[in-house]
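Visitor: I am new to this structure. Please take one part of it and walk me through it closely.

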Amino acid sequence: MLDDFIIRATLAAIGVALASAPLGCFVVWRRMAYFGEATAHAALLGIALSLLFEFSVFSGAIVISLLMASLVTLTQGRSLFLDTLLGVAGHMSIATGLVIVSFISGVRIDLMAYLVGDILAVSRMDLLLIWLGAITVIILMIWRWSPLLLVTLNEDMASASGFSPKKENMVLTIALATVVAVGIKIVGILLIVAMLIIPAASARWIVSTPEGMGIGAGIVGISSAILGIKSAFIFDTPTGPSIVCVASIFFLLLLIVSLVSKRTKNF
Amino acid sequence: MLIEVTDLNVRYGAKTVLKNLHLFLNRGEIVTIVGPNGSGKTTLFKAIIGTAPISSGKIKLKDNLKMGYVPQQLNIDHSLPMTVGRFLLLAQQKNQKAFEKALEIVGAKDLLNRQIYNLSGGEMQRVLLAKAIINEPDVLLLDEATRGLDQSGSAAFYRKIENIRNDLDCSVLMISHDLHVVMGASDRVICLNGHICCEGAPKSVATSPEYKALFGSDVDGTFALYRHSHDHNHHTENEKL
């Protein structure tokens, strides 16, 4: 079954969608979309370095993303212009990455594959890595779900109840770097944040509990993955962007559903 | 002794926020910290809770000390759907009896199914108080919990705190700006301005020159004002906040 590249692609996309769902909720609740962007941009630097020194692209991406995300987590609350610093660090990484790639001679590198994903080239090894990463993230998020919610609402309150905001934030950082790294092959650096926030935001229209939002985001994400890959075949379009387009359609549809059913009174 | 702070110093960068601070809290006490803006009141709380960087000194908490903290506000975003009921049990071992008692004390039963971002200021304050006492804490920490309440509302709130102290046999450490009402509701008052200016029984603090120097001459008679309103408000004992 895994011999079929479409099956591999679909399974890989489902893995990323599953891991993105609970993490994506926190990205939305904590307004971390920009943080996610910076982490994703850092991944390109990681990719460039791994191409230059010839080690695995996956490990390069995860190490540099983790470095970036940790730096941001550590400076959080200390700097009043975190927003700008994130922009500086993220774009610095992406620019440096692109310059480094231009120095690598002899190899033709398809940058588009990293920017928007290359899901049809997912190997068995990629699939294994993606699912290992996804399962790690899902276990982390389920395990730390309630403490993370408490930290999100008020760090002092969480600390008084015996939870360490620093540790909980680190869990998010690790999860974010992992999702970015496993998502590169599927939707690419440009669209990984879309996989995090669009399914979660779509689910938000019709749910009234945090858990409902996590599960709803999973359903939207997986449906987008399957339908996106199908439609990419039918219309001969790039796969990653097609998945994100389907997710965006879900967002609009659920918005309409919520407006019609007047659920918006809770929003 | 539940909390013992010895020679505490907290610095943020080059700025010393708390200097050589000593403080203790016994079981059953209500201690109020007053001080002008920027005097380090919230930083002191954060140091006790464990979210402020301690440069030197020691904070000793009783073993397994349970703290209930009432923050000024939550970082609640409309994107986060959460009912009051869910919030109260968040990261909490479910204890139905304590849960219902907390709701009873603060009067939040009718709020259980409401979304927390839709609560008014007063309702939010009741919910935050319920969340803090649901775990039957040894110490209740209140950070300007009466913000937005008028004087009689504040007086009613402090009576509620007194009742909670008696009910749960806990200590209360609170920050307050309500000079008018808070003094008489406390066993001890600590006047903070980076360091401790003066402390002691409310009456002696209110008449001390340090206290007057810090809050200006307009505090004259505030203590009498509290006594006055307190004398005439006993019938509101069971009123909801």
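Guide: Let us start at one end of a sheet in chain B. This is a predicted model. Strand E8 (residues 188-192) of chain B pairs with E9(B) in the antiparallel sense, over four bridges. One residue pair shows the match: Val189(B) has Gly200(B) in E9(B) as its bridge partner.

Now widen the view. E8(B) and E9(B) belong to an open sheet of six strands, in the order E5-E6-E7-E3-E8-E9 (chain B). Its pairing is mixed. Strand E9 (196-200) of chain B is an edge strand, and so is E5(B); each pairs on one side only. From one strand to the next, the twist averages 15 degrees.

Cross to the other edge. Here E5(B) and strand E6 (residues 139-143) of chain B pair over four bridges, in the parallel sense. Within this pairing, Gly68(B) has Leu140(B) of E6(B) as its bridge partner.

Stay with E5 for a moment. Strand E5 (residues 67-70) of chain B is covered on both faces. Met67(B) and Tyr69(B) are buried on one side. Gly68(B) and Val70(B) are buried on the other.

Next, look at the helices that pack on this sheet. Helix H4 (residues 121-133) of chain B touches E5 and E6 of chain B. Its direction makes about 170 degrees with that of E5(B). Helix H5 (residues 151-168) of chain B also packs on the sheet. H5(B) touches strand E3 (30-34), E6 and strand E7 (171-175) of chain B. The direction of H5(B) makes about 140 degrees with that of E3(B).

Step back to the chain around the sheet. Chain B has nine helices and nine strands. Of its 241 residues, 41% are buried. Take the contacts in chain B between residues at least 6 apart in sequence: 70% of them join residues at least 24 apart.

Finally, see where chain B meets its neighbour. Chain B gives 22 residues to the contact, and chain A gives 26. On the chain A side, the elements that give two or more residues are helix H1 (5-29), helix H6 (124-153), helix H7 (155-160) and helix H10 (210-235) of chain A. H6(A) gives the most, with six residues. By type, the chain A side divides into 14 nonpolar, eight polar and four charged residues.

Methods: Residues are numbered from 1 along each chain as its sequence is written. Chains are lettered from A and ligands numbered from 1 in the order in which they are written. This is a predicted model: local features need pLDDT of at least 70, side-chain atom pairs count only at pLDDT 80 or more; totals for chains, interfaces and linings use all residues. Two residues are in contact if their C-beta atoms, placed from the backbone, lie within 7 Å. Ala, Val, Leu, Ile, Met, Phe, Trp, Tyr, Cys and Pro count as nonpolar, Asp, Glu, Lys and Arg as charged, and the others, Gly among them, as polar. A residue is buried if 20 or more other C-beta atoms lie within 10 Å of its own, exposed if 12 or fewer, and partly exposed in between; C-beta atoms are placed from the backbone. Two strands pair if DSSP finds at least two bridges between them. Axes are lines fitted to C-alpha atoms, for helices over the stretch in contact, and angles run from 0 to 180 degrees between N-to-C directions.
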